[in-house]
Amino acid sequence: MSTERIKNLIIGSGPAGYTAAIYASRADLKPVLYTGMEPGGQLTTTTEVDNFPGYPDGVDGPTMMVELQKQAERFGTDVRIGLVTKVVLSEEQGGIHKVTVDNKIEIEAESVIISTGATAKYLGIPSEQRLRGGGVSACAVCDGFFYKGQDVAIVGGGDTAAEEATYLANICSKVTMIVRKGEMRASKAMQHRVESRENIDVKYFSEIKEVLGKDVVEGVSIINSQTQEILNVPVTGLFIAIGHIPNTDIFKGQLDMDDSGYVITKGKSTHTNRPGVFASGDVQDKDYRQAVTAAGTGCMAALDAERYLASLD
Ligand code: NDP
């Protein structure tokens, strides 16, 4: 196995990872960035990004990620395709973190920025998978605007679904909220917000049997688990809000995490419980999950890494 010693390793290639790379390379940390399995991260699965500041006409997700990569490379970031398969994070101030890539390359890093993101959960039914990008989305804040004045549906009963349903209710004519149990998991306050909106129709004990439409979403077929009754609701957009899974498996047992597996960072910083290891983006943020907030924490992680390394000199 080949071994390489570097100052700064960035794991992940979403807006957090690339922004960390821009800052770290400008600070002369000579970062190496490993992209992971999905180079560009979650934004490569969206179409138009209309809410990232600085793009008055919007930009499509994959283009934006290529531009971020180019920007990071312009300052010298070494962007490599590869999947981190194992980490041994030092507990010592100034300790070396050992990271294995693709089970064959060993990197010894003085500092590590974790930007591995989170993966949206989908229902997993074939019609939903087929229509991803054709009206099925896992982010109402990203894509809701495209359904202005139209009827949409949202699946889930947690805080995300409740929040996104109210968000959609401001834009769309009607929102059908599909909740699989007889109650929502969302906080009472969020539930009240949903109930107070006349254009949100909550269907309890309901699950999606099929997403209707050939190339674009035309409706959803819902089954009531109590009565077995099937209802077809015509909609043009379907939002899946059944939770995210942070990509933190390889850090388990080494980094402090919350009950859902999100990395815990200290106070307003990106410091984790291991010295020299920082976390930015969705991997440590289940509340905001926006490209711009991920980019912001990526910047913070690079600044924290720079200060940490400077403190060792
Ligand atoms: P949650 O895990 O809290 O909720 C997921 C919801 O999706 C549940 O209602 C669950 O149903 C449902 N669900 C899961 N799988 C399926 C499926 N296959 N089919 C149908 N429904 C399904 O995820 P959230 O993303 O809502 O929230 C994650 C965390 O982030 C929570 O701790 C939440 O409080 C927090 N959050 C806080 C916000 C805020 O404070 N403003 C905003 C957004 C999130 P069931 O209940 O039956 O299991």
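Aromatic pairs to start with: this structure, which is a predicted model, holds 3 of them. I will take one, Tyr147 with Phe239. The ring centres are 5.6 Å apart and the planes stand at 90 degrees, so this pair is edge-to-face; the cut-off for that label is over 60 degrees. In the chain, the two residues are 92 residues apart, so to speak of a link between distant parts is fair. Tyr147 sits in the loop between α4 (140–143) and β11 (151–155). Phe239 belongs to strand β17, residues 237–240.

Next, the domains. The domain assignment splits the chain in two. Domain 1 is made of 2–119 and 244–312, and domain 2 covers 122–240. Taken over C-alpha atoms, their centres are separated by 32 Å. As for who makes the contact, domain 1 supplies 6 residues and domain 2 supplies 6 residues.

Now the interface itself. How much area is buried between domain 1 and domain 2? About 630 Å², with carbon and sulfur atoms giving 47% of that. On the domain 1 side, the residues touching domain 2 are 3 polar and 3 charged, with no nonpolar ones. Despite those charged residues, the count of salt bridges across the interface is 0. For polar contacts, there is 1 residue pair between the two domains, both residues at pLDDT 80 or more.

Note on methods
Residues are numbered from 1 along each chain as its sequence is written. This is a predicted model: local features need pLDDT of at least 70, side-chain atom pairs count only at pLDDT 80 or more; totals for chains, interfaces and linings use all residues. Side-chain values use heavy atoms; hydrogens and water are left out. Domain bounds come from an automatic or database domain assignment. Contact means heavy atoms within 4.5 Å. Buried area is the accessible area (1.4 Å probe) that two parts lose on being put together, summed over both. A salt bridge is a side-chain nitrogen of Lys or Arg within 4 Å of a carboxyl oxygen of Asp or Glu. A polar contact is a pair of N or O atoms within 3.5 Å; within protein, one must be able to donate a hydrogen and the other to accept it, and residues adjacent in sequence count only if both atoms are side-chain atoms. Ala, Val, Leu, Ile, Met, Phe, Trp, Tyr, Cys and Pro count as nonpolar, Asp, Glu, Lys and Arg as charged, and the others, Gly among them, as polar. Rings of Phe, Tyr and Trp (its six-membered ring) pair if their centres lie within 6.5 Å; planes under 30 degrees apart count as stacked, over 60 as edge-to-face and the rest as tilted. Helices (H or I, at least four residues) and strands (E, at least two) are DSSP runs, numbered from the N terminus.
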